[in-house]
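Please open the structure in your viewer and keep the selection tool at hand. Each stop below names something to select and then says what is there.

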2 protein chains.
Amino acid sequence: ASQMDLDNQGRQKFIEFPFVSAPHRDLMVNLLSTVEDRLGSHLLPCTLPLDVQHCQNESGSAQASLHIRSGHQSSQVDFILGSWLHCKLPTGGALNITSLSAYLNPSTDAPNFIIELIQSSPTSLILILDLPPRKDLVLSPDYLQIFYEDTQLDMRRQMLAKLPEVQPYISSSLYLRSVLSPTVIMIQIEAEAGGPERMEEIIKNHIDITAKEVLGIWLDHCACGERLVGKEEKGYLKKRDEVIKKKTIEIDLGTNFPRLFGPEVTGRVLGAIQNAYNV
Amino acid sequence: ASQMDLDNQGRQKFIEFPFVSAPHRDLMVNLLSTVEDRLGSHLLPCTLPLDVQHCQNESGSAQASLHIRSGHQSSQVDFILGSWLHCKLPTGGALNITSLSAYLNPSTDAPNFIIELIQSSPTSLILILDLPPRKDLVLSPDYLQIFYEDTQLDMRRQMLAKLPEVQPYISSSLYLRSVLSPTVIMIQIEAEAGGPERMEEIIKNHIDITAKEVLGIWLDHCACGERLVGKEEKGYLKKRDEVIKKKTIEIDLGTNFPRLFGPEVTGRVLGAIQNAYNV
């Protein structure tokens with residue numbers, strides 16, 4: 001198969017998001033399309049082998065899809081990564097995780113983009129939506145001002161926090177907590193009273209809008225903004241980005257993935273991601 | 001007055017904590033005594049002028065007390081700072097803030113200590129309790145492991161979060177959020193149903209124990225631990241510590257203090273703090 005075929009086949013499978021609700025799927029497809037429309041010329045096709053773009057375990061109880069497009073060498077984009085994971089739970093339900101992240105390379109110090117939806121039942125959802133900083137914010141009050149205060153990111157967090165179904169969510173990974181920005185939207189939504197319809201309504205009328213706004217800020221101010229980065233700072237960014245990428249792989253593929261898919265599939269996916277991440 | 005007299009007079013006034021409940025006062029006095037007992041030989045007497053150690057506005061509706069002891073030159077301690085603030089509110093109630101922080105100097109990279117209690121009514125309390133890191137945790141997973149994972153700090157946060165009166169608290173200052181660690185205890189306690197007695201019980205039976213444990217970890221692992229810090233890293237720590245100290249002064253004395261005490265008192269206190277902070 002040619003590289004374009006590989007990309008098209010995998011992408012089609014990826015954007016099916018076959019196990020989540022329509023508003024959840026619409027949200028993810030819309031975010032990916034927005035990124036691809038805006039950054040298309042910066043992105044290479046997805047060259048992951050098909051058995052990495054989509055994999056499942058022997059019993060078929062767990063499936064995952066992975067879509068990575070690296071940036072052109074001349075681009076500020078390092079890569080974009082979309083994924084979904086589905087696995088049946090012993091309780092009879094299913095866990096569904098969908099994510100889209102976009103990493104910039106050391107030609108800019110602007111923040112990355114990340115969204116992750118973790119749905120453990122039709123009425124229970126964890127949302128992580130953020131522009132993770134590329135520098136130590138404590139040492140860089142100007143950077144904090146430009147990307148987090150002037151963009152009014154915290155207002156979006158506050159709006160979602162007002163919904164009665166929303167509680168703050170705190171990840172068990174201290175490293176993940178450290179990587180995220182002070183305006184991260186990290187919430188748990190429990191819509192048991194309103195049922196699955198209420199959850200779909202929250203995704204459609206609240207999360208969808210907020211995610212588009214945050215992605216819009218990222219595209220305008222980060223991916224397509226221009227920043228002056230000196231040689232020394234490039235070295236610093238390269239090192240910091242690498243540590244984040246390595247630790248993120250550890251967190252994402254460290255425990256659950258091997259348990260669900262076994263060592264062979266895990267090794268294959270791990271190798272492909274390390275290759276795309278260049279770590 | 002000799003320096004020792006200055007220290008004794010100011011300290012006595014400071015540890016009165018005249019406007020907070022007995023368990024709240026006991027907690028603060030106990031923490032200060034523990035630090036002074038353990039680090040006493042490292043600390044110089046408080047040399048703030050008496051009109052900085054204690055100040056009030058013309059009408060007497062606002063009072064503040066400040067106690068700063070710098071570390072000996074040979075010590076790892078930069079300074080410890082205790083404070084309380086009392087001001088009557090237009091609603092008839094009063095706002096009471098008490099705090100104790102301890103900063104280390106660049107001879108070590110170990111975290112600092114901070115506790116702050118913000119009581120806006122007898123049944124409403126915000127608690128900030130943390131060991132703020134001295135380095136970018138994203139770049140230093142080992143540091144995160146040693147000071148935050150191995151010390152099980154997050155367990156203490158989780159314990160307090162279980163109380164029905166406790167909600168997460170999110171500061172409006174993005175800079176403050178950036179300075180704090182991923183295991184920060186930053187909570188709002190609302191005990192309206194149980195009344196002031198319930199709040200005193202929560203302070204005595206829960207906050208007191210947790211604060212002592214966190215301070216114990218700081219004394220054992222940070223203030224009295226030994227860390228190898230190279231020359232280049234000392235320079236980095238010096239710069240980062242300075243930015244934090246300057247921004248912290250801005251946040252603490254930037255808006256409320258001038259409004260409450262007027263420009264003259266604010267100028268005097270600001271100068272004394274900048275002097276003690278060496279910024």
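The tour goes from the pair of chains to the sheets, then to the helices and a few single residues. The model is predicted.

**Stop 1: both chains**

Show chain A and chain B together. Two copies of a chain are related by a rotation about an axis and a shift along it. Here a rotation of 180° with 0.0 Å of shift along its axis superposes chain B on chain A, with an RMSD of 0.0 Å. That is the relation of a two-fold axis. The copies use the same surface for their contact: 100% of the contact residues of chain B recur in chain A.

Where does chain B come closest to the rotation axis? Select B:Asp136: its C-alpha lies 2.8 Å from the axis, and no other residue of chain B comes closer.

**Stop 2: the contact between the chains**

Now select the residues where the chains meet. Chain B gives 26 residues to the contact, and chain A gives 26 residues. The size of an interface is often given as the accessible area lost when the parts come together. Chain B and chain A bury about 2300 Å² between them, and 69% of this is on carbon and sulfur atoms. Which residues of chain B lose the most area to chain A? They are B:Val138, B:Leu139 and B:Leu174, which together make up 29% of what that side buries.

**Stop 3: the sheet of chain A**

Hide chain B and colour the strands of chain A. They include an open sheet of 8 strands in the order E1-E2-E3-E4-E5-E6-E8-E7, with antiparallel pairing. Its edge strands are E1 (54–56) and E7 (166–168) of chain A, each of which pairs on one side only. From one strand to the next, the twist averages 15°.

Zoom in on strand E2 (residues 62–70) and strand E3 (residues 77–88) of chain A. These two run antiparallel and are joined by 9 bridges. For one bridge pair, select A:Ala62 and its partner in E3(A), A:Cys87. Then add helix H1 (residues 3–14) of chain A, which packs on the sheet and touches E1, E2 and E3 of chain A. The direction of H1 makes about 130° with that of E2(A).

Next, select helix H8 (residues 231–253) of chain A. H8 lies across E3 and strand E4 (94–104) of chain A, and runs at about 165° to E4(A).

**Stop 4: the sheet of chain B**

Switch to chain B. Here 8 strands form an open sheet in the order E1-E2-E3-E4-E5-E6-E8-E7, and the pairing is antiparallel. The edge strands of chain B are E1 (54–56) and E7 (166–168), each pairing on one side only.

Go to the edge strand E7(B). E7(B) pairs with strand E8 (residues 185–190) of chain B in the antiparallel sense over 3 bridges. Select B:Pro168 and you will find B:Ile187 of E8(B) opposite. H1(B) packs on the sheet as well, touching E1, E2 and E3 of chain B. H5(B) also packs on the sheet; H5(B) touches strand E6 (124–130), E7 and E8 of chain B, and its direction makes about 10° with that of E8(B).

**Stop 5: helix H2 of chain B**

Select residues 22–39 of chain B, which form helix H2. How far apart should its ends be? At 1.5 Å a residue, the 18 residues should span 26 Å; the end C-alpha atoms are 25 Å apart, so the two values agree.

Now show the side chains of H2(B). Its buried residues include B:Leu27, B:Leu31, B:Val35 and B:Leu39, and also B:His24 and B:Glu36. Among the elements that cover the buried residues of H2(B) are helix H1 (3–14), strand E4 (94–104) and helix H7 (195–223) of chain B.

**Stop 6: single residues**

Return to chain A and select A:Gln152, in the loop between helix H4 (141–149) and helix H5 (153–161) of chain A. Its phi is near 55°, a positive value in a residue other than glycine. A:Gln152 is partly exposed, with a relative accessible area of 44%.

In chain B, select B:Gln152: its phi is also near 55°, and its relative accessibility of 45% counts as partly exposed.

For the last selection, take B:Glu242, in helix H8 (residues 231–253) of chain B. B:Glu242 is partly exposed, at 25% relative accessible area. Add B:Asn278: the two residues are 36 residues apart in sequence, and their C-alpha atoms are 8.4 Å apart in space.

Terms used
Residues numbered from 1 in each chain as written. Chains lettered and ligands numbered in written order. Predicted model: local features only at pLDDT ≥ 70, side-chain atom pairs only at ≥ 80, totals over all residues. Heavy atoms only, no water. Least-squares fit on C-alpha atoms with pLDDT ≥ 70 in both. Contact = heavy atoms within 4.5 Å. Helix = DSSP H or I, 4+ residues; strand = E, 2+ residues; numbered from the N terminus. Expected span 1.5 Å × (residues − 1). Buried < 20%, exposed > 50% of the residue type's maximum accessible area, 1.4 Å probe, protein only. Pairing = 2+ DSSP bridges. Axes fitted to C-alpha atoms, helices over the stretch in contact; angles between N-to-C directions. Buried area = accessible area lost by both parts, 1.4 Å probe.
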